Amino acid sequence: MQSRSPESSLVLRYFLSSLFLIFCLSGAAVCSVSTDTFRVYGTDFTDPDRKQPLLGPTLEAIRRAVSPKKVAVYSMNWHELDKAIAEKKADLIIAGPSVYRRNIHAGLRDLSTAVTPDCPNPNRSLGAVFFALRDDERISNLSDLKGKILGTNLKDAFRGELIPKKEILDEGFDPNHFFRKTLYLGNKPEERIKALEDGRADVIVLDSCYAEELIANGGEDLFEKYKVINEKKNRFSNCVTSSQLYPGYSLLIPPTLDLDTIRRILKEVQETRYPPGYGWMVAGDFTPVDELYQSLKIGPFSHLNFITFSEAVHRYRYLISGVVLSFLFLILSSLYARGLVKKRTEMLLKAHERERSLRRKSSDIEACYRTSAQRLKTAQICSAVAHDLAQPVSSMLLYLNGLEKSLHENAEDNRDRQLMVLEKIRLRAEKINGIIRSVRDFSGKGVELNHEDLCCIVSEAIEDFKTLYSVPDNEVLLNAENGCRVYCAADQLRLAFLNILKNSLRAVSQQKQKKILVSIRQTNSLVSVEFEDSGPALSSCQIEAIRLNSKNKHALKHTPENMGIGLNIVEAIVCLNAGTISYSNNRFGGLLVRIEFPITTERQPNELGNTEQIRFCHQSPR
């Protein structure tokens, strides 16, 4: 292997040194280009078409502050500006308050805020205006814009869409579903005005003070051609606005800008002479912008639209606990109910079997009871008959003794009196015959039911009562409605009514004024017979005691005045004839006995033993 000569080694060394020098010079040139340019980014403020009076003097002040660097100005929409800020391309930003508050987390800070002759307050400068055609009668206020077509500049633009949404939200509407359609027509206001004139949009949004600047520059007067919707009066601006006002355009510095440059920029901006009324001041209140983002839940507050699992658990912990406990309760209840149903089913089956066995026994006992009850009722009726026979038999004996004496005297003038006595004896004999016939009916021979006039039955009972007990006519009054016919056993009812009248007579026997009133009333399909007397007043407790004692059908007390039968037999007779009986106080304070029967049509008579069963009413005698 041959070794290199000293000459060739020297040539190679010179070549490598030259190549390294060229590389360093190229890198230095690139570095000088990147470091010698001061990049200013902005939105519509830096757009030369806007002819903003503050733009020229402000850029000159920035050039003097960063000299000898060159100033490069980039104007773009807010999406591109946010990207440039995130990539740290901008050395200075001139933009509205939305860019500042949206990117504050990236270290962006405000240096100064613009003021104009129309908006001298830096905290309240920017706003939006709704314009509609002056002859459009459909639109007069903000609520009339619901369901209409909106024309604006860019989607999610601060003054073009976000500020109008905040106003709509403050009115109580859903801003995301308020307009039927939204047309995005770009940053040039002329395109929005043309869309309104062509009818493509019902309402458009323009920046506040744009109409005033157009008039000042010799343009058309928009206020004469169009009407402002939702106009608001404010003390911070001389311009018409449809919304509240927000801070103006600001000089925004990124965290990468050094302090010396910031100090020089601030000094030059403050010392520069601007057109009258224009300048830069410090704004101290950006809360309206934060409230807008928070209300709409966008930008730095977009997280409000989402909720993490832990936040959801914490926020709805009580509801979740309630749901879990309810679910556990339902599971336990289901298990408990299943076991309970099984247990109850077994119990029901056993109870059903026991019930069938008891039903068979009950059937046998009921047959025996019916037989015993029939015998008991027959015995009661026999006792009542004996009680009722005693009075007419005693009267007949007295009249017979009187007749015997009259016959012994054998006087001619006694003939009329003897005939009268015989007539009274005949009446009592007929009464005894009726009672005996009733006994025969109750003993099982059968009861003959007929279609009878209830008024006639009551009248006959009253006449019998007066005759048997020598009651004056003025002590018993009858108030009746004719034509009340019921299907019944007339003899039985007469006996029952006579028994009630006898009880009333006993009640008024000690009273100075003796009155017994019998009333017959007809209502719809019922006819009622009411017995009232002027006997002693009864309290509600006494009436209740009568009802309670009547439930015990075997609690019969035999006294010389009362055989223990009385109204108890009346109840049996009334029930036998398909009636009901009740007790209450009458108008005089004594007892009111009301008996009701259904009014029926003519039908063939039947034997009671074949078609009816004795029913026991749950009332008791006085």
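Which residues form one aromatic cluster? In this predicted model, the cluster is made up of Phe45, Tyr249 and Trp280. It is a good place to begin a tour of the aromatic side chains, as the structure holds 10 aromatic pairs.

Within the cluster, the rings of phenylalanine 45 and tryptophan 280 have centres 6.0 Å apart. Their planes meet at 65°, and because an angle over 60 degrees counts as edge-to-face, the pair is edge-to-face. The two residues come from distant parts of the chain, 235 residues apart. Phenylalanine 45 belongs to the loop between strand 1 (37-42) and helix 2 (55-66), while tryptophan 280 is found in strand 11 (residues 279-281). Both phenylalanine 45 and tryptophan 280 are buried.

A second pair joins phenylalanine 131 and phenylalanine 223, whose ring centres lie 5.9 Å apart. Here the planes are at 50°, so the pair is tilted. Phenylalanine 131 is part of strand 5 (residues 128-133) and phenylalanine 223 is part of helix 8 (residues 222-225), so this contact ties together parts that are 92 residues apart in sequence. The surroundings of these two residues can be described in turn. Phenylalanine 131 has a relative accessible area of 2% and is therefore buried. Phenylalanine 223, with a relative accessible area of 24%, is partly exposed.

An aromatic ring also meets a charge in this model. The charged end of arginine 101 sits over the ring of tyrosine 100, at 5.1 Å from the ring centre.

Notes. Residues are numbered from 1 along each chain as its sequence is written. This is a predicted model: local features need pLDDT of at least 70, side-chain atom pairs count only at pLDDT 80 or more; totals for chains, interfaces and linings use all residues. Side-chain values use heavy atoms; hydrogens and water are left out. Rings of Phe, Tyr and Trp (its six-membered ring) pair if their centres lie within 6.5 Å; planes under 30 degrees apart count as stacked, over 60 as edge-to-face and the rest as tilted. Helices (H or I, at least four residues) and strands (E, at least two) are DSSP runs, numbered from the N terminus. Buried means under 20% relative accessible area, exposed over 50%, partly exposed in between (1.4 Å probe, protein chains only). A charge sits over a ring if NZ of Lys or CZ of Arg is within 6 Å of the ring centre and within 35 degrees of the ring normal.
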